[in-house]
Every structure is written in structure tokens, then in C-alpha cells.
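Good morning, colleagues. Please take a moment to look at the sequence and the structure on the screen before I begin.

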Amino acid sequence: MPRSRSKRSSYRPPPQAKPKRSPRWQPYLGLGLIGVGMAVVVVGFLLGLPFGGWSLGLGFGLMAVGLVVLSRVH
């Protein structure tokens, strides 16, 4: 006599869906933001821009946003 479905001892979880691929432009955007941020920091130090700490903050902010964008690449 066949066993009913509720009496089976082996549990099979449903298959997991594959994560969606990120757009092709996303890594380029992240690397570009990091590059622009580094350029802002370096130019701010070399030229002694009158903005003072603003160029440093802007550069590190751009680099941080670039890292966030790159952390979401699959």
C-alpha cells in the first residue's frame, strides 16, 4: 500500500531563486565615483582650494557612495 504524502519523512524545501544580475553600468558607476572622489581629495590638497574641509568631505563622501554601489553588484 502506498504511503500518503503527509507520512513521508524526507522534506524537500522549494528551490531557491537565483539573484537578479545587476546592470552592466553599475560597476563602472561605482569605480567612477571612487575615482572622482580620489581626484577631488588629491586636487583639494595639491591646489589648496579655498573650500578647505569641504573638498575633503566631498571626496570621501563620493568614495563612500562608490563603495555602497559596488557592494550591491552581483
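I shall go from the whole chain to its first-numbered helix, and then to two individual residues.

Please keep in mind that this is a predicted model. The protein chain contains two helices and zero strands. Of its 74 residues, 18% count as buried. The chain exposes about 6,700 Å², and 68% of that area is supplied by carbon and sulfur atoms. As for the contacts with a separation of 6 or more, 70% of them are between residues 24 or more positions apart.

Let me turn to helix H1, which spans 26-47. H1 has 22 residues. From its first C-alpha to its last it reaches 31 Å, close to the 32 Å expected at 1.5 Å a residue.

Which residues of H1 are buried? They are Gln 26, Gly 30, Leu 33, Ile 34, Gly 37, Val 41 and Gly 44. These residues lie on the same side of H1, because they cover an arc of only 100° around the axis. The general background is that an α-helix has 3.6 residues a turn, so residues three or four places apart point the same way.

What covers this buried side? The cover includes helix H2, residues 53-71. On the face of H1 turned away from the buried side, we find the exposed residues Tyr 28, Leu 31, Leu 46 and Leu 47. Just after H1, Gly 48 takes a positive phi of about 60°.

Now to a single position within the helix. Val 40 lies in H1. Is Val 40 buried or partly exposed? Val 40 counts as partly exposed because its relative accessibility is 21%, and buried would require a value under 20%. Leaving aside neighbours within four places in sequence, Val 40 is in contact with Ser 55, Leu 58, Gly 59 and Leu 62. Val 40 and Leu 56 are 16 residues apart in sequence, while their C-alpha atoms are 7.3 Å apart in space.

My last position is Ser 22, in the segment before H1. Ser 22 has a relative accessible area of 13% and is therefore buried. Which residues is Ser 22 in contact with, once its neighbours within four places in sequence are left aside? They are Arg 72, Val 73 and His 74.

To close, I would return to two points. The buried residues of H1 are on the same side of that helix, and helix H2 is included in what covers them. Thank you for your attention.

How values were computed. Residues numbered from 1 in each chain as written. Predicted model: local features only at pLDDT ≥ 70, side-chain atom pairs only at ≥ 80, totals over all residues. Heavy atoms only, no water. Helix = DSSP H or I, 4+ residues; strand = E, 2+ residues; numbered from the N terminus. Buried < 20%, exposed > 50% of the residue type's maximum accessible area, 1.4 Å probe, protein only. Contact = heavy atoms within 4.5 Å. Expected span 1.5 Å × (residues − 1). Arc of directions from axis to C-beta. Areas by Shrake-Rupley, 256 points an atom, 1.4 Å probe, with all protein chains shown as cover.
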